[in-house]
Each structure stands twice: as C-alpha cells, then as structure tokens.
Amino acid sequence: MNVQNADIHINVLGPAELWIRGRRLDLGPAKQRALFVRLLLARGWHVPLEQLLDDLWGCQGARAAHTSVYVYINRLRTLLEPHRERYGNSQILVLENAGYSLRLPQGAVDAARFKKALPEARLLLERGETAAASEKIDRALGQWRGRAYADAADYPFAAQEIAHLEAMQLEAYELKITAMLEQRQYAEAAASAQWLTSREPLRESAWALLMRSLCLAGRQAEALQQYNHARETFVHALGLEPGAALKGLREMILRHQLVA
C-alpha cells in the first residue's frame with residue numbers, strides 16, 4: 001500500500017477509529033488503542049521506545065512491557081498495511097532511532113481537519129460569507145462523537161491536546177452562534193447559547209452571546225435576568241464579579257443601545 005495514495009482515515013474526536021478504503025478496522029484492546037493514540041499525538045515524529053513504555057506503563061511496569069509493545073506494534077502494522085510482507089519494512093508505522101513513528105497522509109486525522117476548519121470559518125464570517133461559515137462549522141462539529149482522544153483520556157500524555165481540542169470545540173460553538181446572529185436567527189441563537197451556558201457556566205463569552213441573542217430577539221428583560229444569573233454563578237463558584245465586557249453589555253442593554 002502506497003502511503004501517499006492510501007485511503008486512510010482516522011477519527012479521534014471520540015473513541016479512536018481506523019478506516020482504510022471505506023472499511024472500519026478493529027484497533028484492538030485498550031492498551032493497544034492507547035499506544036496508537038500516543039503515536040498519533042507525536043504527529044509523525046518518532047517516539048523512543050523507552051518513552052512509550054514510560055507513558056503507557058509507568059516506570060515500575062515498563063521493563064516487563066517490552067514484549068507487549070512489540071506485539072501491539074506488529075498488530076497495528078498488520079492493520080495499517082495488510083499486504084505488507086511479514087518481515088518487510090513498514091511505510092506507515094516506522095521503526096527509527098530505537099523508537100516508532102506513525103507516518104500518515106496529510107489530512108488523514110479528523111482532529112487536524114477540525115483545527116483547519118475553524119480559522120477558515122472565522123475568515124468567512126469576517127468576509128460576510130455567513131452561510132458558508134455556518135456550513136463549515138456544522139461540518140467541523142459534526143465530526144465529534146464524544147471526548148477527543150477518549151482512549152487516552154486517563155493518560156497524562158494526552159491531557160494537553162484533549163484540553164486544546166475541547167477549547168477549540170467551544171470556540172466553534174460560539175462561532176456558530178455568532179453566525180446565527182449575523183443571519184438574524186435570534187431565537188435559534190438564544191437556544192444554542194442557553195445550552196452552551198448550561199454546559200460551561202463559567203464561560204463569560206457564552207453568557208455574552210446569550211444576553212445578546214435574547215436582547216436582539218426583543219427579550220431585553222430576560223437578557224438582564226441572565227446577567228444576574230451569570231453574576232450569581234461567578235460569585236458563588238469563583239468569588240468574582242463578571243468581567244468588564246459582560247458588565248458593559250448589560251449597560252448597553254439597559255440603555256437600549258443594542259439593536260438589530
């Protein structure tokens with residue numbers, strides 16, 4: 001199988017999935033899946049064997065896990081390149097410098113496509129191409145099937161990337177609501193923003209979108225009530241008042257300065 005032309009698709013915005021030429025393949029037991037994710041997170045760079053052992057088994061169990069790593073690597077190679085000769089060199093899961101690297105076609109991983117879509121959608125919004133931006137955001141969010149890199153959620157090596165992707169997911173939801181407001185879909189925007197504040201009650205930007213949506217929908221009193229709700233939430237959870245931006249938005253609503 002030629003790596004440049006291989007029809008490989010990997011989904012990690014949820015439990016890991018490996019698709020080759022339209023067929024979903026079983027990534028095997030939990031530790032093997034976690035090993036696959038660890039190599040994916042290296043983005044083509046080689047991961048030393050000792051690092052793999054430490055990341056997946058910890059210092060105490062690493063010495064006894066050498067055999068397991070080799071077994072899992074061979075199984076993954078068989079999945080990725082089923083037509084490779086038994087002892088032939090792998091073009092995808094490569095042995096180098098006493099470690100392994102996973103070399104995949106560009107755009108094979110859904111997380112990479114998601115990251116690429118967000119700035120593109122933001123640029124479309126800035127250009128006033130709201131419908132196109134909304135469609136791109138919908139496609140990007142539609143790739144999510146659960147928690148990012150779910151198979152490695154309990155491993156420290158995945159924590160930073162999981163947090164980064166989840167933060168980008170929230171940005172995508174906010175971009176979607178912003179697109180709704182640009183299209184004067186105020187009721188839909190308010191409903192989406194209400195859901196987002198329920199999910200992320202300490203996110204001021206979500207509260208701002210909710211207040212703005214309600215006000216533009218002609219529901220100024222509800223918008224002010226949501227400010228009070230946000231304030232109570234922040235004070236109770238953090239001991240802090242809302243920030244200047246949220247306070248400023250409240251003043252604009254009180255003065256009837258926010259209009260469609």
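A salt bridge, as the term is used here, is a side-chain nitrogen of Lys or Arg within 4 Å of a carboxyl oxygen of Asp or Glu. By this rule the structure above has 19 salt bridges.

Good morning, colleagues. Before the details, the basis of the model should be stated. This is a predicted model, in which local features need pLDDT of at least 70, side-chain atom pairs count only at pLDDT 80 or more, and totals for chains, interfaces and linings use all residues. Residues are numbered from 1 along each chain as its sequence is written, and side-chain values use heavy atoms, with hydrogens and water left out.

I begin with the salt bridges. R199 forms one with E200, and their closest N and O atoms are 3.8 Å apart. For accessibility I shall use three words: buried means under 20% relative accessible area, exposed means over 50%, and partly exposed lies in between (1.4 Å probe, protein chains only). R199 is partly exposed because its relative accessible area is 34%, and E200, at 27%, is partly exposed as well.

A second pair is E241 and R231, where the closest N and O atoms are 2.7 Å apart. E241 lies in the loop between α9 and α10 and R231 in helix α9, so this salt bridge ties together parts that are 10 residues apart in sequence. Helices here are DSSP runs of H or I with at least four residues, strands are runs of E with at least two, and both are numbered from the N terminus. E241 is partly exposed at 38% relative accessibility, and R231 is partly exposed at 34%.

A third pair joins the side chains of R255 and E251, at 3.9 Å from N to O. R255 is exposed, with a relative accessible area of 56%, whereas E251 is partly exposed at 31%. In addition, E17, R24 and R145 are linked in a network of salt bridges.

I turn now to the interior. In soluble globular proteins, nonpolar side chains tend to be buried together. A nonpolar core is defined as a set of buried Ala, Val, Leu, Ile, Met, Phe, Trp, Tyr and Cys residues joined through side-chain atoms within 4.5 Å. The largest such core has 84 residues, and L18, F114 and Y149 touch the most other members. Helix α6 (residues 156-182) gives this core its largest share, 13 residues.

Which residues does Y149 contact, leaving aside its neighbours within four places in sequence? With contact meaning heavy atoms within 4.5 Å, they are V12, G14, V37, L41, A111, E161, I162 and L165.

Helix α6 also holds K176. Is K176 buried or exposed? K176 is buried, because its relative accessible area is 15%. Apart from neighbours within four places in sequence, K176 is in contact with S134, I137 and D138.

The next topic is the sheet. Three strands form an open sheet in the order β4-β6-β5, with antiparallel pairing. β4 and β5 stand at the edges with a single partner strand each, so one side of each has no neighbour in the sheet. Two strands count as paired if DSSP finds at least two bridges between them. β4 (residues 47-48) pairs with β6 over two bridges, with P48 standing opposite G99. β5 (residues 93-96) pairs with β6 over four bridges, and V94 has S101 as its bridge partner. β5 and β6 form a hairpin with two residues between them, and N97 in the turn has a positive phi of about 50 degrees.

In a regular strand the side chains alternate between the two faces of the sheet. In β6 (residues 99-102), G99 and S101 point one way and Y100 and L102 the other, and all are buried.

Two further residues deserve mention for their backbone. Most residues other than glycine have a negative phi. R184, in the loop between α6 and α7 (186-199), has a positive phi of about 60 degrees although it is not a glycine. R184 is exposed, with a relative accessible area of 55%. H256, in the segment after α10 (244-254), has a positive phi near 60 degrees. H256 is exposed as well, at 60%.

Finally, I come to A208, in helix α8 (residues 204-216). A208 is partly exposed, with a relative accessible area of 22%. The C-alpha atoms of A208 and Y227 are separated by 8.4 Å, and these residues are 19 residues apart along the chain. Leaving aside neighbours within four places in sequence, A208 is in contact with L246 and L249. Thank you for your attention.
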